[in-house]
Amino acid sequence: MTLAHLPTPPMGWSSWNTFGPTVDEAVIRQTADALVSTGLRDLGYRYVNIDDHWQGGRDGSGRIVAHPQRFPGGIEALADFVHERGLKLGLYSDAAELTCGGEVASLGHEERDAETFASWRIDYLKYDYCHAPVDRGTAVLRYTAMGRALQATGRDIVYSVCEWGGREPWLWAAQAGAQLWRTTGDVCDSWNGGDRVDQHGIDEIGFDLQRGLERFAGPGSWNDPDLLVVGMHGRGHVAGDMGFGGCTDVEYRTHFSLWSLLAAPLIIGTDVRALDEATAAILGNTELIALNQDGLGRQGWRTGTRDGVEIWCKPLLFGDVAVALFNRTGQDAVAVATLGDLGLHGEYAVRDLWTHGDLPTLAGARGALTTRLPSHGCAVYRLVPRGEARTSIHPPR
Ligand code: GLA
């Protein structure tokens, strides 16, 4: 038995952004039902991940237990509940004695906890790194210990490393058994970050902090720029509670487009029990989800910048290419990208993935995508080669 393979980035929901320390089993049940009733499950959002604060300490025999007030029915019953709905359950722990939120964690209990998690039939483990030493060697040892323990259970459990990028997990986390690893500190519900160095907005995380990491992503190995804040609008734990006012729908569209191009995990952080129309349309954009879930499993990258507009591409199966134009500036901008800018030759059919319409065919090095973008807005296209067109594009070295 091997660890979960995860050929495309995981999709689902996490309790952290909205509920933080107040998560309980009613929220998890209602969220599972909402993922089904909104249709999000059928679009691929399968993992229901309980983040920190599900724990209630250890019992007399050292076995980790769920919080008696907030999870009185226990985790196993919740796993059954979500499995009956065609969903999967995720859980959280930390490679130290305590988690980031001060709950009991798994250092020194790796085998025991992995066995417990497997006996509860969980499908995903996010493993955090608060209260652990800063050096890389210790991190490799601690993450490997949990990776081995998960593998020894024989259950397919996705293993998500969360040490925030400081020890370059893209170089070692796959060997520790992980299928994904956080690349940065926590995302905030804002375009720009907060005052603290570990509070990043979606602009900084998406455009700047993933640069150069594209070569470490591929089927079974994903860079994780953290949860989606799409639709939060300043509500919930990483938003209002932390003083962030949220983003506009234009910005959330850009956030979702960027995470799709980055082949990032699409883990929803907003409350799916109360989705507004705009949020449902963003999270439910099947053409963008298809870019994210493309079978080639490549992470996109920036190919250039023109007048503050960034041009990004992501190679897809069958020679298709995703191209995105992002206006990072504070003003409206006219965005232009030619096939030559992208290093493409020949003729391409063009599909606009936000208006869901077909555009005129592009041909020749000067064939150009042109559009007007609001401040912080974007356009995303799928280019499909026609006839002799051949796609061979590579990330910058
Ligand atoms: C860290 C992680 C977050 C979240 C919290 C929980 O800050 O980076 O994603 O899991 O811990 O306490």
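Here are a few worked exercises on the ligand site, pockets and cavity of this predicted model.

**Exercise 1. Work out where the ligand sits and which residues surround it.**

Step 1: Start with the location. The ligand sits in the largest pocket.

Step 2: Now list the neighbours, taking residues with a heavy atom within 4 Å of the ligand. You should end up with Trp16, Asp51, Asp52, Tyr92, Cys100, Gly101, Lys126, Asp128, Cys162, Trp164, Arg182 and Asp186.

Step 3: Sort that shell by class. Six residues are charged, five are nonpolar and one is polar.

**Exercise 2. Find side chains that put a polar atom beside a ligand oxygen, and say how much of the ligand the protein covers.**

Step 1: Go to Lys126, where a polar side-chain atom is 2.8 Å from an oxygen atom of the ligand.

Step 2: Move on to Asp128. An N or O atom of its side chain lies 2.9 Å from an oxygen atom of the ligand.

Step 3: Check Trp164 too; its side chain has an N or O atom 2.9 Å from an oxygen atom of the ligand.

Step 4: Finish with the cover. On its own the ligand has 310 Å² of accessible area, and the protein covers 92% of this.

**Exercise 3. Describe the largest pocket: its volume, its lining and the elements that contribute.**

Step 1: Its volume comes out at about 430 Å³.

Step 2: Count the lining, which has 25 residues, with Trp16, Cys100, Trp164, Asp186 and Arg196 nearest the centre of the pocket.

Step 3: Look for elements that give two or more residues to this lining: they are α1 (16–19), β6 and β9 (186–187).

Step 4: Split the lining by class to get twelve nonpolar, nine charged and four polar residues.

**Exercise 4. Do the same for the second largest pocket.**

Step 1: This pocket holds about 220 Å³ of space.

Step 2: It is lined by 17 residues, and the ones closest to its centre are Leu6, Pro7, Tyr47, Lys88 and Val158.

Step 3: By class, that lining has eight nonpolar, five charged and four polar residues.

**Exercise 5. Hunt for enclosed space: how many cavities of 30 Å³ or more are there, and what lines the largest cavity?**

Step 1: Count them. There's one cavity of 30 Å³ or more.

Step 2: Get the volume of the largest cavity, about 130 Å³.

Step 3: Walk round its wall. The lining has 15 residues, with Ser14, Asn49, Tyr124, Lys126 and Leu227 nearest the centre.

Step 4: Pick out the elements giving two or more residues to this lining, namely β5 (88–94) and β6 (124–128).

Step 5: Class the lining of the largest cavity: seven residues are nonpolar, five charged and three polar.

Step 6: Tie two results together. Lys126 is among the residues nearest the centre of the largest cavity, and Lys126 also belongs to the residues around the ligand.

Conventions: Residues numbered from 1 in each chain as written. Predicted model: local features only at pLDDT ≥ 70, side-chain atom pairs only at ≥ 80, totals over all residues. Heavy atoms only, no water. 1 Å grid on protein atoms, 1.4 Å probe; cavity = no way out; pocket = protein on both sides within 12 Å on 5 of 7 lines; lining within 4 Å. Points joined across faces, edges and corners; volume = space filled by probe spheres on them. Helix = DSSP H or I, 4+ residues; strand = E, 2+ residues; numbered from the N terminus. Nonpolar A, V, L, I, M, F, W, Y, C, P; charged D, E, K, R; others polar. Near = heavy atom within 4 Å. Polar contact = N/O pair within 3.5 Å; in protein donor to acceptor, adjacent residues only side chain to side chain. Areas by Shrake-Rupley, 256 points an atom, 1.4 Å probe, with all protein chains shown as cover. Sits in = over half its atoms within 2 Å of the grid points.
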